[in-house]
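Q: I should like to learn how strand pairing and helix packing are read from a set of coordinates. Could the structure be shown before we begin?

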Amino acid sequence: MEIELDPEKAGFAPGRLDRIDRHLARYVDDGLLPGWQVAVTRDGKLVHHGTYGLRDREAGLPVEADTIWRIYSMTKPMTSVAAMMLSEEGRLPLRKPIGELLPEFADARVYTGGSALNPGTVPATEPIRVWHLLTHTSGLTYGFQHNHPADELHRRIDTEFFPPAGVTLTDQVRRWARIPLLFQPGTAWNYSVSTDVLGRVVEVVSGLPLDRFLAERIIEPLGMVDTSFSVPEEKAGRLAALYLTPRPGQAPVRKDDFTPIPRGEVSFLSGGGGLVSTTADYLRFTAMLLGRGELDGVRLLGSRTVDYMTRNHLPGGVDIATFAPSTGPTDTFEGVGFGLGFSVVTDPVRNEILSSPGEYAWGGLASTAFWIDPVERITAVFMTQLVPSGTYPIRSELRTLVYSALAD
């Protein structure tokens with residue numbers, strides 16, 4: 001990846017972007033990360049790119065420009081874009097009850113009390129709608145959160161992270177539909193399998209498997225040559241190894257099979273966390289969004305659609321910390337709302353991180369992250385492979401390093 005615009009001409013103070021690499025290198029030198037890659041653009045031009053450390057610590061293989069990473073939940077914005085493409089075509093109204101497309105959700109029930117073995121439930125008073133899936137206000141949850149009896153019910157069907165081998169997206173969505181919702185749809189925010197269910201909705205409406213839809217409508221048109229649900233054999237050596245941290249400060253332990261290894265045929269097409277990609281590929285996706293739906297003459301979404309997706313959709317303009325159940329971890333979401341597939345900064349002061357109002361972003365389970373700032377016309381992508389995300393404050397530190405380099 002070659003620098004396309006001199007940082008000073010792009011409005012950055014001389015040498016200040018170099019502090020990014022020096023700071024992040026310490027995580028590797030101290031044995032806390034195996035390796036990383038970072039890229040920053042302004043006005044769609046690459047102004048900073050750095051790599052450091054190893055993509056495979058055991059084999060001594062370095063991180064390279066074309067290293068392939070498991071991006072996990074950075075898949076979610078792509079699935080959300082897919083849904084909005086269908087919405088633009090008049091095929092998927094945001095108010096549509098998903099039970100009309102996925103009958104297993106037609107009679108959803110909501111948890112009222114009790115244990116996972118004997119939960120009390122009542123009928124949902126509001127159907128789960130497409131908008132609820134896009135905003136994580138559906139009442140669905142994740143098994144790995146360990147905050148609620150419904151989370152435990154996910155684990156009881158062996159889906160703390162990904163389902164067992166051979167389970168398809170269709171199978172899994174039907175299993176999730178049998179678990180009671182945490183709350184009445186639209187009344188709270190909870191990070192969940194909503195986007196996986198949204199991926200199944202995309203399949204039903206489009207008539208295509210999710211991998212084909214994403215490939216034909218997003219990945220190939222944008223020239224994202226290394227993004228898919230499975231790494232082909234000829235690229236297998238470029239896939240970074242996956243590492244887990246037992247606890248902060250301890251050396252990462254390699255665990256490639258923590259989730260299914262993305263090679264060969266993939267049965268579960270996870271629209272919430274199944275893609276692999278490269279930094280260069282994901283930069284093209286962020287460039288399309290910064291371009292309000294268009295990149296290099298290819299338009300995926302209307303400009304107003306992107307504007308609409310990247311506003312805070314939480315009722316009354318509240319932030320996630322206010323609208324999320326008290327059982328969930330919301331300490332990093334003060335001053336941050338949620339749009340249609342992205343977190344959205346509403347108040348940088350309340351968030352206590354250098355940023356702009358309207359910045360939108362998300363990250364992945366293995367500590368990857370991206371953000372897009374339409375005010376400063378900046379995009380940034382950070383890649384590594386350390387589970388769990390949030391072990392170290394790299395995402396907030398990276399924002400500080402980038403924004404403090406601006407001088408225009």
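The dialogue below takes up one strand with its partners, and then one helix pair.

A: Please keep in mind that this is a predicted model.

Q: Which strands pair with strand 16, and in which sense?

A: Pairing is assigned from bridges: two strands pair if DSSP finds at least two between them. Here strand 1 (residues 35-42) is antiparallel to strand 16, with six bridges. Strand 15 (residues 369-373) also runs antiparallel to strand 16, over five bridges. As for register, Val40 lies opposite Ala380 of strand 16, while Asp373 has Ile378 as its bridge partner.

Q: How many residues lie between strand 15 and strand 16 in their hairpin?

A: Four residues separate the two strands, and in this turn Arg377 has a positive phi of about 60°.

Q: Are the residues on the two sides of strand 16 buried or exposed?

A: Buried means under 20% relative accessible area. In strand 16, Ile378, Ala380 and Phe382 point one way, Thr379, Val381 and Met383 point the other way, and all are buried. Strand 16 (residues 378-383) is thus mostly covered, with six of its six residues buried.

Q: How do helix 2 and helix 6 cross, and which residues meet?

A: A helix pair is described by axis distance, angle and handedness. The axes of helix 2 (residues 76-88) and helix 6 (residues 194-206) come within 10 Å and cross at roughly 35°, and the crossing is left-handed. Lys76, Thr79, Ser80, Ala82, Ala83 and Leu86 of helix 2 meet Thr195, Leu198, Gly199, Val202, Val205 and Ser206 of helix 6. The residues of this contact comprise six nonpolar, five polar and one charged.

Technical notes. Residues are numbered from 1 along each chain as its sequence is written. This is a predicted model: local features need pLDDT of at least 70, side-chain atom pairs count only at pLDDT 80 or more; totals for chains, interfaces and linings use all residues. Side-chain values use heavy atoms; hydrogens and water are left out. Buried means under 20% relative accessible area, exposed over 50%, partly exposed in between (1.4 Å probe, protein chains only). Axes are lines fitted to C-alpha atoms, for helices over the stretch in contact, and angles run from 0 to 180 degrees between N-to-C directions. A crossing is left-handed if the near helix is turned anticlockwise from the far one by less than a right angle, and right-handed if clockwise. Contact means heavy atoms within 4.5 Å. Ala, Val, Leu, Ile, Met, Phe, Trp, Tyr, Cys and Pro count as nonpolar, Asp, Glu, Lys and Arg as charged, and the others, Gly among them, as polar.
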